[in-house]
Amino acid sequence: PARSVMAGAPNVCLAVLSPDCDNVGDTLDVHAGVSARCLVQAHNLLSDTNTKLVIATPDGLPAALFSEDDWHESWVRKHKQMFVAPLRLQDLHESDYACLFLPTALGALSDLANNALLGSLVDSFLARKKPLCAIGHGIAGLCKATSSTGVWSLRGRCLTATSIFETAQLPYFGRLPLIIEDFIKDNGGIYTASEGDGVHVVVDGCLVTGQNVPSTSLAVQNMLWLRSELTSRSAARSSGQSQCVGFPFSLPHVIQQTKTLRLASPHSLPNAFQGEKSVAGCSSRGNGSNITSNVL
């Protein structure tokens, strides 16, 4: 019999990080490591749900982190054992993890965007409908996920990432190896974003994407909620119990406020956002205040 979607997956979240090696940061002379602020938010939320965060990098190289301030620098030093000996990307298998997290890192535009092993891992999570969350430049880690015909696996899916508007503020904008917003659009993805540094999260089935670091907490909360829903469904199937209607995997949502998505039923969609405004359509640019839903 076919294995249930969450069978054998422990309470572990896999985070794939950019390694501390020659990458786009060395070329541009900027900090290209993983945002410590992004990683700390994810770590804390995962810890609150008794979910272990496991770090992996290409070839198991030490992870590169960028601390935005003294507090985050202190946190990284305190938890340095998490990053000095990460797992090797080539040794990973989707069945060992409940969810996948790709934090934002400028270096991801180089070392993760071109990593076929990561692409295969992402495809495995998508095929099993396991929660996958990517933030900002970390969405570049989805670029190598392709079908057997070479088509991007996320073609036709709704997602966000660091916007051209945000990236263009950087002095080295013209020298970046990849503009992730352009990649999404050029390969058939449906891209949305908020203005500036606004919170913007897109949920499309098992895929959760956040535009930037401020969107991290909301994105991770929704990843954890999806994991909980999948675990409940799997347990209900195993016991033969009837199931309540949970999150519909074909229903993408754009969330532009710091409120976690709570769907009881797809039939009660207008009331499921606790009074927030819901309008049809998946616009290319939001105003930072609406929650938009659309069935593709």
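**Exercise 1. Find which residues of α2 and α3 meet, then describe how the two helices pack.**

*Step 1: list the contacts.* On the α2 side, the residues are A36, R37, V40 and H43, and they meet W71, H72, W75 and V76 of α3. Keep in mind that you are working with a predicted model.

*Step 2: sort them by class.* Five of the residues in the contact of α2 with α3 are nonpolar, two are polar and one is charged.

*Step 3: choose the descriptors.* A pair of packed helices is described by the distance between the axes and the angle between them.

*Step 4: read the geometry.* Helix α2 spans residues 36-48 and helix α3 spans residues 70-78; their axes come within 10 Å and cross at roughly 60°. That crossing makes α2 oblique to α3. As for hand, α2 and α3 cross in a left-handed way.

**Exercise 2. Decide whether H72 is buried or exposed, and name its contacts.**

*Step 1: place the residue.* H72 belongs to helix α3.

*Step 2: apply the cut-off.* Buried means under 20% relative accessible area. With a relative accessible area of 10%, H72 is therefore buried.

*Step 3: look at its partners.* Setting aside neighbours within four places in sequence, H72 contacts A36, R37, V40 and S67. Of these, A36, R37 and V40 are on the α2 side of the helix pair you met above.

**Exercise 3. Work out which residues and elements build the largest nonpolar core.**

*Step 1: find the best-connected members.* This core has 43 residues, and L14, L100, L142 and I180 touch the most other members.

*Step 2: trace the elements.* Two or more residues come from each of the strands β1 (12-16), β3 (52-57), β6 (99-102) and β7 (132-135), and from each of the helices α5 (108-111), α6 (116-127) and α8 (180-186). Helix α6 gives the largest share, five residues.

*Step 3: zoom in on one member.* Leaving out residues up to four places away in sequence, L14 touches V54, A56, L92, Y97, C99, L100, F101 and L121.

*Step 4: check for another core.* There is a second, separate core of 35 residues, and C38, V40, L53 and L218 are among them. V40 is a residue you know already, from the α2 side of the contact with α3.

**Exercise 4. Put these details into the setting of the whole chain.**

*Step 1: count the elements.* The protein chain has nine helices and 14 strands.

*Step 2: consider burial.* The chain holds 296 residues, of which 55% count as buried.

*Step 3: consider sequence separation.* Among contacts with a separation of 6 or more, 74% are between residues 24 or more positions apart.

Definitions and conventions: Residues are numbered from 1 along each chain as its sequence is written. This is a predicted model: local features need pLDDT of at least 70, side-chain atom pairs count only at pLDDT 80 or more; totals for chains, interfaces and linings use all residues. Side-chain values use heavy atoms; hydrogens and water are left out. Axes are lines fitted to C-alpha atoms, for helices over the stretch in contact, and angles run from 0 to 180 degrees between N-to-C directions. Helices (H or I, at least four residues) and strands (E, at least two) are DSSP runs, numbered from the N terminus. Angles under 35 degrees count as roughly parallel, over 145 as roughly antiparallel, 65 to 115 as roughly perpendicular and the rest as oblique. A crossing is left-handed if the near helix is turned anticlockwise from the far one by less than a right angle, and right-handed if clockwise. Contact means heavy atoms within 4.5 Å. Ala, Val, Leu, Ile, Met, Phe, Trp, Tyr, Cys and Pro count as nonpolar, Asp, Glu, Lys and Arg as charged, and the others, Gly among them, as polar. A nonpolar core is a set of buried Ala, Val, Leu, Ile, Met, Phe, Trp, Tyr and Cys residues joined through side-chain atoms within 4.5 Å. Buried means under 20% relative accessible area, exposed over 50%, partly exposed in between (1.4 Å probe, protein chains only).
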